[in-house]
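Biologist: Could you take a close look at one part of this model for me, starting from a single side chain and its surroundings? I'd like to know how it sits at the surface.

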Amino acid sequence: MNGDFKTDITRDTFHRHKHFSRVLMQQGRVQLDADWNEQTDILLHYIRTFTRDMIGPHAGPKHDVGFAIEKYTSSSSQASTPPKARKGKKNTDKEIEQSSDTYSVVVRKGRYYVDGILCELNEEIKQYSIEDEEIDAAKAQDDERFKNAFLFYLDVWEREVTYQEDDSIREVALGGPDTATRAQIVYQVRAKAAISIMHLVENYQDGKLATLLNDQNASPEDLTEIWTDFVHDYAHMFPAMTSTLPADPRRVGPARLKARTPIPEDDEYTNPCTVPPSAQYRGLENQLYRVEIHRSGLAYPDPNTQRKLQTTTRGQGSATSKGSAHQTSAKQGDSEPPGISKAGTTYATFKWSRENASVVFPITSQIDPGTFSTLTVTVSGLGRDDSRFALNVKDWVEIVDYEDTLELETGNLLQVTAVDYTTMLISLAAPQNQMVGFDTDRNPHKAFMLRRWDYQSMDASAKGATTLADDGALELHENRWLTLEDGVQALFHRDVDPAARLSSNNDADDQPPYYHTGDYWLIPARTALGDIEWPHHGQEHEPLPPHGIQHHYAPLAYVAFNADGVPKITNLRRQIIKGWEAMS
């Protein structure tokens, strides 16, 4: 279960390294959701692994290969997708139409497998328009090899669908209660401007990819194979590689997290990596904690480390990391915009829930487009009778909709200032008296919901205190135990300390973890144990990669538009060759 599943489960027990082949139910035993879900995961793992072993990382059936990228002509369809207004600019209708038509393609329907996952496009996309930011980057390039060129690829993952998004899931004969939810395959055709990944292309596999791009006689097999490897290695960083955040995947490391219950101050154990016998979870309920990245970026700089960096910089003359696109200012007293450094480094934030972020409240009132510092909405209900699933003053909530989950975007975080249990009116306030809002082209009739998160502001002097960031989430600091609640603590792990690395002048080890929006970790807490369930070797907690969201990628086409807007399309898909023949 490594998709985007914010569901009310006890825990996720599937671990492929254990090589379990099935779940065996026993008579007279308690039935748990975890057993049922693990059986499904075991079977899915087998089917998808087998499919990938048979057909490779991506391919489609010969007579129904889907997701073909083809030339778009405005006269070819009367049902084209309406062009979107360009973000950040005021365009005339004529400018919008010209831009959308010039950088548009058709995506044909059919089936395609990515890492063994079946993607079915039932209707062709009659006009797929490339994102405006990618177009602007491609048009500004002077190098003719990459000017107006784009890599089209498929991004695939799983998400949860509840009765609040699809009411047919719920059995009406039960009179209202929901039962199970559903997992859905989500796929998005994406386009990345070649210029924004040029530095990676030119150096990939010792320049082999760049050579093949310039070779008019390069075989489709060679191009597809190397682009497959390229997308597998780097596509997860494509969303971060923008004009505002030029992240270099070669210069960042993976995100990892540790979790534990607290060490009493009077305990003989002083090593932060060991688990003392007296450590305990103090909650009264079994919980499944979810720690999730809200804003992508690097960890906030530690003030103590910054002072060390400044001192070392004066001693060495320079603190610049070779080739690194992420650099933070070491000057004291410099003012920086909230969440971003003067050098352009975006700082990551996180949020957490004790219920796996499964507590939601559908909004029934309309939210008008625009910006606001306060907002009042009406919800369909305020949860179950007990406070565990209710909504209270000072709770933090996220306004989310279906479109945000498809675009890997977060919703606005706001704090509850008032709750009217009679009218179901909820009053909300933006963090730090800021203005937040919605796109002006957003559909005002779209369905929204409030998703409750369970963190609160803490006394800065408290041990393990977390700090509210400008976006309403929590600042992400590394190698520091941060307290959630009831004795549960989390630590964002980094192998190399920046000050220690700089003092040793070993720049090769400078690979700070990059945190992606949507990355999450699950922490089961059990009252019977008085502890959490977290793997450890001996007495040392293990830093784990994110539980999800796991994305799967496949290249579709490399498209270069000429001055007249005519695309040259290099197909990067594969087709399945039948693996059988009739007996004579």
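Modeller: Methionine 54 counts as exposed, because its relative accessibility is 56%, where exposed means over 50%, buried under 20% and partly exposed in between (1.4 Å probe, protein chains only). This is a predicted model, in which local features need pLDDT of at least 70, side-chain atom pairs count only at pLDDT 80 or more, and totals for chains, interfaces and linings use all residues. Residues are numbered from 1 along each chain as its sequence is written, and side-chain values use heavy atoms, without hydrogens and water.

Methionine 54 belongs to helix H1, residues 33-55 (helices are DSSP runs of H or I with at least four residues, strands E runs of at least two, numbered from the N terminus). Together with Leu43, Tyr46, Ile47 and Phe50, Met54 makes up a nonpolar surface patch with about 560 Å² of accessible area (Shrake-Rupley, 1.4 Å probe). Such a patch joins nonpolar side chains within 5 Å that have over 30% relative accessible area and no salt bridge, meaning no Lys or Arg side-chain nitrogen within 4 Å of an Asp or Glu carboxyl oxygen.

For contrast, look at helix H3 (residues 132-139), where Asp132, Glu134, Ile135 and Ala138 are buried. Viewed down the H3 axis, these buried residues fall within an arc of 160°, so they line one face of the helix; the arc is taken from the directions from the axis to the C-beta atoms. In general, an α-helix has 3.6 residues a turn, so residues three or four places apart point the same way.

Notes. Patches are made of residues with over 30% relative accessible area and no salt bridge: like charges are joined within 9 Å, nonpolar side chains (Val, Leu, Ile, Met, Phe, Trp, Tyr) within 5 Å.
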